[in-house]
Amino acid sequence: MPETRSFRLGVAGPVGTGKSSLIATVCRELADELRLGVITNDIYTDEDARLLRSAGVLDPERIRAVETGACPHTAIRDDVTPNLIAVEDLERDFAPLDVVLVESGGDNLTATFSPALVDAQIFVLDVAGGGDVARKGGPGIARADLLIVNKTDLAPYVGVDVEQMVKDASEARDGKPVIALSRTDPASVALLTEWVRSMAHVVRAGDHTPIDPGPMAPHSHVGEDGELITHTHAHTH
């Protein structure tokens, strides 16, 4: 891997699962040992980037926003050009960077990153979304390099059995790694940061090949005029 080329790590998951909080946690824990940058995605705003800048987790110039103006899938999966340009600009401006985290705009369980954009990807669920979500599967849950079951400290308040949710997630992922995470739990935070540290080393050594998660499942959302819009995404090399 060229020295100016970072390990690019995607972070996806439904709205409100704690993607920005997870990225802030990674930055706080690893900024002293790894050179980090962040790209956030929102449809119409740069709110996630502003949140991270205000948290003081990195030099604000290392946190940049992409306003996709369209379905979040598009900018991380179908036409990654705006994100790829943002990543490469960040790598050039702060070379060398060790890791660039690319946060997807919040979406549903079908969200995945193109391997043309990231080297590995994390998918984030949270207990407040329901304990049954993990076993519903989908490309994000099944194929991401790491699945996070987030906000485990909230489980007693929403009636979720974290152990069962993690077991369901592990079965849906055929044993690929799952971490039950709370930013208030140092042991789980250590598991997350060690995974990032280890994956960065593996990618830089050339020992990891991004796997195309496959075509998007058809999905729908409501447009600005209230009309239901159905998308069928395709991805070709």
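Two strands are said to pair if DSSP finds at least two bridges between them, and the exercises below apply this to a predicted model.

**Exercise 1.** Work out which strands pair with S6, in which sense, and which residues are the bridge partners of Ile148.

*Solution.* Begin with S5 (120-126), which pairs with S6 in the parallel sense over five bridges; within this pairing, Val124 has Ile148 of S6 as its bridge partner. Turn next to S7, which runs parallel to S6 and is joined to it by three bridges; here the bridge partner of Ile148 is Ile179.

**Exercise 2.** Determine how many residues of S6 are buried, and how they divide between its two faces.

*Solution.* Counting along the strand, five of the five residues of S6 are buried. In a regular strand, side chains alternate between the two faces of the sheet. Sorting the residues by side places Leu146, Ile148 and Asn150 on one face and Leu147 and Val149 on the other, so that both faces are covered.

**Exercise 3.** Check the length of helix H8 against its expected span, then find where its buried residues lie.

*Solution.* Helix H8 comprises 19 residues (186-204), which at 1.5 Å a residue should span 27 Å, and the end C-alpha atoms are indeed 27 Å apart, in agreement with that expectation. Viewed down the helix axis, the buried residues of H8 fall within an arc of 150 degrees and therefore line one face; among them are Val189, Leu192, Trp195, Val196, Met199 and Val203. The cover over these buried residues includes helix H1 and strands S1, S4, S5, S6 and S7, whereas the face turned away from the buried side carries the exposed residues Pro186, Ala187, Leu191 and His201.

Definitions and conventions:
Residues numbered from 1 in each chain as written. Predicted model: local features only at pLDDT ≥ 70, side-chain atom pairs only at ≥ 80, totals over all residues. Heavy atoms only, no water. Helix = DSSP H or I, 4+ residues; strand = E, 2+ residues; numbered from the N terminus. Expected span 1.5 Å × (residues − 1). Buried < 20%, exposed > 50% of the residue type's maximum accessible area, 1.4 Å probe, protein only. Arc of directions from axis to C-beta. Contact = heavy atoms within 4.5 Å.
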